[in-house]
Amino acid sequence: MPKMKTKQSAAKRFKKTATGKLKYAHMGGSHILTGKSRKQKRRLGSKNIVAASDQKRIASTIPYA
């Protein structure tokens with residue numbers, strides 16, 4: 001059976017944690033930061049965990065991560 005291809009767009013956006021969950025960066029933290037509060041910018045710098053309902057669908061796009 002041939003190898004599955006990894007979706008490169010998903011591979012750049014998601015990383016697997018040690019427990020197997022998927023983490024991703026918040027959107028909106030790269031430019032036009034002057035209009036955002038200090039609290040909002042601080043929160044945008046942290047990572048977030050993918051919702052359980054989306055976990056299986058996204059994990060199938062990055063089979064070897």
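I take contact to mean heavy atoms within 4.5 Å, and with that in hand I looked up how far apart along the chain the contacting residues lie. Of the contacts in the protein with a separation of 6 or more, 60% are accounted for by residues 24 or more positions apart. I note at the outset that this is a predicted model.

Overall make-up. I found three helices and three strands in the protein, and, reading from the N terminus on, I wrote down the order of elements as α-β-β-α-β-α. I then looked up the radius of gyration, which is 15 Å, well over the 11 Å that the globule rule gives for 65 residues, so the protein is more spread out than a compact globule. Beside this I put the box that the C-alpha atoms fill, roughly 50 × 20 × 20 Å when taken along the principal axes.

Surface and burial. I have the accessible surface of the protein at about 5700 Å², with 57% of it belonging to carbon and sulfur atoms. Buried residues make up 14% of the 65 residues.

The sheet. I followed the three strands next and found an open sheet with the order S1-S2-S3 and antiparallel pairing. Its edge strands are S1 (14–16) and S3 (47–49), each of which pairs on one side only. Neighbouring strands of this sheet are turned by 35° against each other on average, with direction ignored. I looked more carefully at S1 and strand S2 (residues 22–25), which pair in the antiparallel sense over three bridges, and I noted that Phe14 stands opposite Tyr24 in S2. As a reminder to myself, strands of a sheet pair through backbone hydrogen bonds, either parallel or antiparallel.

Gln55. I picked out this residue in helix H3 (residues 52–59) and asked myself whether Gln55 is buried or exposed. The relative accessible area of Gln55 is 18%, and because buried means under 20%, I entered Gln55 as buried. Leaving aside the neighbours within four places in sequence, I listed the residues in contact with Gln55 as Gly20, Lys21, Leu22 and Val50. Leu22 belongs to the range of strand S2, residues 22–25.

Ile32. I turned to the loop between S2 and helix H2 (38–44), where Ile32 is found. Ile32 has a positive phi of about 55° although it is not a glycine, and I marked the residue for that reason. With a relative accessible area of 60%, Ile32 is exposed, whereas Gln55 is buried.

Technical notes:
Residues numbered from 1 in each chain as written. Predicted model: local features only at pLDDT ≥ 70, side-chain atom pairs only at ≥ 80, totals over all residues. Heavy atoms only, no water. Pairing = 2+ DSSP bridges. Helix = DSSP H or I, 4+ residues; strand = E, 2+ residues; numbered from the N terminus. Axes fitted to C-alpha atoms, helices over the stretch in contact; angles between N-to-C directions. Rg over C-alpha atoms; globule rule 2.2 N^0.38 Å. Buried < 20%, exposed > 50% of the residue type's maximum accessible area, 1.4 Å probe, protein only. Areas by Shrake-Rupley, 256 points an atom, 1.4 Å probe, with all protein chains shown as cover.
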